[in-house]
Amino acid sequence: LAFVQVDRESVLQNGVSNTPSQPPIPQQNSSGSDSTNDGMDVDDANSPIQEKAKEKWAECTWFDSPREASEYLARVHWLPDGTVAAQWQNRAQNVSVLTRLDIPRRKIRTLLTERSESWINLHHMFKVLPEAVHPDDCIPTEKQIPPMSNPLPSGSFSFLYASERSGYQHLYLYTFVPGIHGEQ
């Protein structure tokens, strides 16, 4: 069970004026244009019932949001190895960070970061493939940096992810290999 805890202490109620001829408009919550949502954490309670998690609060594994994109948790996906992929975006919506939350090891790693001069469109184009794809299976190269064993080690997985970084939306193939780039 994974859940998000959001600190709403700094959330302001914005009143919207109504006229007698219009139906009432509910109060809107806002953290303000100059504030961040530093109170957002992602957790794995290791329990199928959230109430049980509250009883065992000390056993929860908490992860902080990435510094570059801490204001908005956009998407969450389970990965084949039992870890969690979380896509975050900053308030200006011009930085998107895809992270891997390794719950048993209590580690967070950045899988990829996208930056834009204007904004980054959110999408649902994230798909984990049934088998890891070795780079040699796509375009054989003489030299790989970093070198990768073939077959890939256990725990490797590949995923498709969309990006508009070229000005057009394309699908990109990524392969996560444990032990490469700082025990990712």
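This is a short walk through one predicted protein model, from its overall layout to its strands, its turns and its one cavity.

Hi everyone, and thanks for coming. First, the ground rules. Residues are numbered from 1 along each chain as its sequence is written. Because the model is predicted, local features need pLDDT of at least 70 and side-chain atom pairs count only at pLDDT 80 or more, while totals for chains, interfaces and linings use all residues; side-chain values use heavy atoms, with hydrogens and water left out.

Let's begin with the overall layout. The protein chain has one helix and twelve strands. Those are DSSP runs numbered from the N terminus, with helices being H or I of at least four residues and strands being E of at least two. Going along the sequence, you meet β-β-β-β-α-β-β-β-β-β-β-β-β. There are 184 residues in the chain, and 34% of them count as buried. On burial, I use relative accessible area with a 1.4 Å probe and protein chains only: buried is under 20%, exposed is over 50%, and partly exposed is in between. As for contacts, meaning heavy atoms within 4.5 Å, take those with a separation of 6 or more: 49% of them come from residues 24 or more positions apart.

Now to the strands, starting with β6, β7, β8 and β9. I call two strands paired if DSSP finds at least two bridges between them. Strand β6, residues 72-78, runs antiparallel to β7 and is joined to β7 by six bridges. One of the partnerships is Tyr72 with Gln89 in β7. The hairpin of β6 and β7 has five residues between the strands, and Gly82 there takes a positive phi near 90°.

How many of the residues of β7 are buried? Six of its six, so to speak a mostly covered strand by the definition I gave. Val84, Ala86 and Trp88 point one way from β7, while Ala85, Gln87 and Gln89 point the other way, and all are buried.

On we go to β8. Strands β7 and β8 pair in the antiparallel sense over six bridges, with Ala86 opposite Thr99 in β8. Between β7 (84-89) and β8 is a loop that holds Gln93. Phi of Gln93 is near 60°, a positive value in a residue other than glycine. Gln93 is partly exposed, at a relative accessible area of 39%.

The next hairpin has a similar point of interest. Strand β8 (residues 95-102) is joined to strand β9 (residues 107-115) by eight bridges, and the two run antiparallel. Val97 has Thr113 as its bridge partner in β9. This hairpin has four residues between the strands, and Arg106 takes a positive phi near 60°. Arg106 is exposed, with a relative accessible area of 53%.

Next up, the open sheet. Three strands make it up, in the order β10-β11-β12, with antiparallel pairing. Its edge strands are β10 (126-128) and β12 (170-176), each pairing on one side only. On average, neighbouring strands here are turned by 20° against each other, direction ignored; axes are lines fitted to C-alpha atoms, for helices over the stretch in contact, and angles run from 0 to 180 degrees between N-to-C directions. Three bridges join β10 to strand β11 (residues 157-163), and Phe126 stands opposite Tyr161 in β11.

In the loop between β10 and β11 you will find Pro151. A cis peptide bond joins Asn150 and Pro151, with omega about 10°.

Over in β12 sits Leu171. Is Leu171 buried or exposed? Exposed, with a relative accessible area of 54%. Leaving aside residues up to four places away in sequence, Leu171 touches Met125, Tyr161 and Ala162. Leu171 and Phe126 are 45 residues apart in sequence, and their C-alpha atoms are 9.2 Å apart in space.

Finally, the cavity. Rolling a probe the size of a water molecule over the atoms shows where empty space is left. On a 1 Å grid over the protein atoms alone, a cavity is a set of points where a 1.4 Å probe fits but cannot get out, and lining residues have an atom within 4 Å of a point. Grid points are joined across faces, edges and corners, and a volume is the space filled by probe spheres set on the points. The structure holds one cavity of 30 Å³ or more, with about 30 Å³ of space in the largest. Which residues line the largest cavity? They are Arg75, His77, Gln87, His123, His124, Met125, Phe126 and Tyr161.

That's my tour, so over to you for questions.

Terms used
1 Å grid on protein atoms, 1.4 Å probe; cavity = no way out; pocket = protein on both sides within 12 Å on 5 of 7 lines; lining within 4 Å.
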